[in-house]
Amino acid sequence: EGRRVAILAFGLLRTVITAWNLSVKTAAPDRLITRSKISITFTLPLAQKGRIERLPGVAGVTHCSWFGGIYKDPKNFFAQIAVEGAETFRFSPEFLVEPAVLSTFAAERNAAIVGTTLAERFGWKVGDAIRLQGTIYPGDWDFVIRGIYRGRDPGTDTGQFFFNWNTIAQRMAQEAPGRTGQVGWWVIKIDDPARAASISKAVDAEFDNSADETLTETEAAFAQSFVAMAGTIMTSLQVMSVLLIGVILLVAGNTMAMTARERTAEYAVLKTLGFGGGRILGLVAGESLLIAGLGGALGLALLFPTVSAVAAV
């Protein structure tokens, strides 16, 4: 029982660590992220877009904004991102969306596109009406799912909720005029990944000594900064996974020793019948390895449904 639990816990911890770092590994090398130099929680003016587009090496610019709404219950957390429009998905070819869906998304103000994982989690389908309770942007916000995107690669995040930024812009113009024309961060497409560092410096230099200074970095570095926020947790999980290996070895060794001590009478009979010491040692070791292997196999078999259940939460 202990071996099964230990193997299951080890596999679950390693899966969590791998999944947490997956966004860094799957980041596109030809995309930069520009955010406020102070913090990502500070917005940037929409007027910056034209100045960024004119910089050498920049192939295109779009923007995203974190929405942070609540779906029915605060426990139902998932990423909700307001994007500039259909062109945002053209910047992200890892999100597979039908062209007809993008046309509808561009035409309807309250249209939303969600990932397959998120749709399966809540049982959503195309045409469903979704209401989010705003936190950063107060009030009730109603959307209609017009498309479900798939991931091009195994590591693509399909648990996100995208909608048109104009929905926020139009409502803020009426309810909070001081918050109009503000976006969360810029996504910059560059023509040469090898020039990422120099283009990043050029973007930040463009807004030096302004009221809205920026920090530009590669998409991988941007994702890594989020991982770093939970650095202590990740380190703890790494240590725990190593300790679990030690526990597995100690449990297996202790079990083998106890079995040997409790069956000395049987070994004596075998010796009397002519079994040599090496053969008896082989029988003891083989039995122990077989039991340990079966326990480990059962733990691995239980790991897959357990990981699936955790992923669905």
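A residue is called buried here when its relative accessible area is under 20%, and exposed when that area is over 50%. The model under study is predicted.

By this criterion, the buried residues of helix H7 are Ala196, Ile199, Ser200, Val203 and Asp204. They line one face of the helix, because they fall within an arc of 135 degrees when H7 is seen down its axis. The face turned away from this buried side carries the exposed residues Ala197 and Lys201. The packing partners of the buried residues of H7 come from both helices and strands. They are helix H2 (48–53) and strands E1 (31–36), E3, E11 (185–190) and E12.

The loop that runs between H7 (196–206) and strand E12 (214–218) contains Asn209. Asn209 is not a glycine, yet its phi is positive, at about 60 degrees. With a relative accessible area of 75%, Asn209 is exposed. Lys72 also has a positive phi, of about 65 degrees, and is likewise not a glycine. It sits in the loop between strand E3 (58–66) and strand E4 (79–83). Its relative accessibility is 72%, so Lys72 counts as exposed.

Tyr149 presents another setting. This residue belongs to strand E8 (residues 139–151). It is buried, because its relative accessible area is 0%, and the cut-off is under 20%. Its C-alpha atom is separated by 5.0 Å from that of Val97, although the two residues are 52 apart along the chain. Neighbours within four places in sequence were left aside in listing the contacts of Tyr149. One run of contacts comprises Phe95, Leu96 and Val97. Another comprises Ile113, Val114, Gly115 and Thr116. The remaining contacts of Tyr149 are Asp157, Thr158, Gly159, Gln160 and Phe162.

Internal space was examined next. Rolling a probe the size of a water molecule over the atoms shows where empty space is left. The structure holds 1 cavity of 30 Å³ or more. The volume of the largest cavity is about 40 Å³. Its lining is formed by Tyr137, Trp165, Ile168, Ala169, Met172, Arg179, Thr180, Gly181 and Gln182. Helix H6 (residues 165–175) gives the most to this lining, with 4 residues. By class, 5 of the lining residues are nonpolar, 3 are polar and 1 is charged.

Note on methods: Residues are numbered from 1 along each chain as its sequence is written. This is a predicted model: local features need pLDDT of at least 70, side-chain atom pairs count only at pLDDT 80 or more; totals for chains, interfaces and linings use all residues. Side-chain values use heavy atoms; hydrogens and water are left out. On a 1 Å grid over the protein atoms alone, a cavity is a set of points where a 1.4 Å probe fits but cannot get out, and a pocket is an open set with protein on both sides within 12 Å along at least five of seven lines; lining residues have an atom within 4 Å of a point. Grid points are joined across faces, edges and corners, and a volume is the space filled by probe spheres set on the points. Helices (H or I, at least four residues) and strands (E, at least two) are DSSP runs, numbered from the N terminus. Ala, Val, Leu, Ile, Met, Phe, Trp, Tyr, Cys and Pro count as nonpolar, Asp, Glu, Lys and Arg as charged, and the others, Gly among them, as polar. Buried means under 20% relative accessible area, exposed over 50%, partly exposed in between (1.4 Å probe, protein chains only). The arc is that of the directions from the helix axis to the C-beta atoms. Contact means heavy atoms within 4.5 Å.
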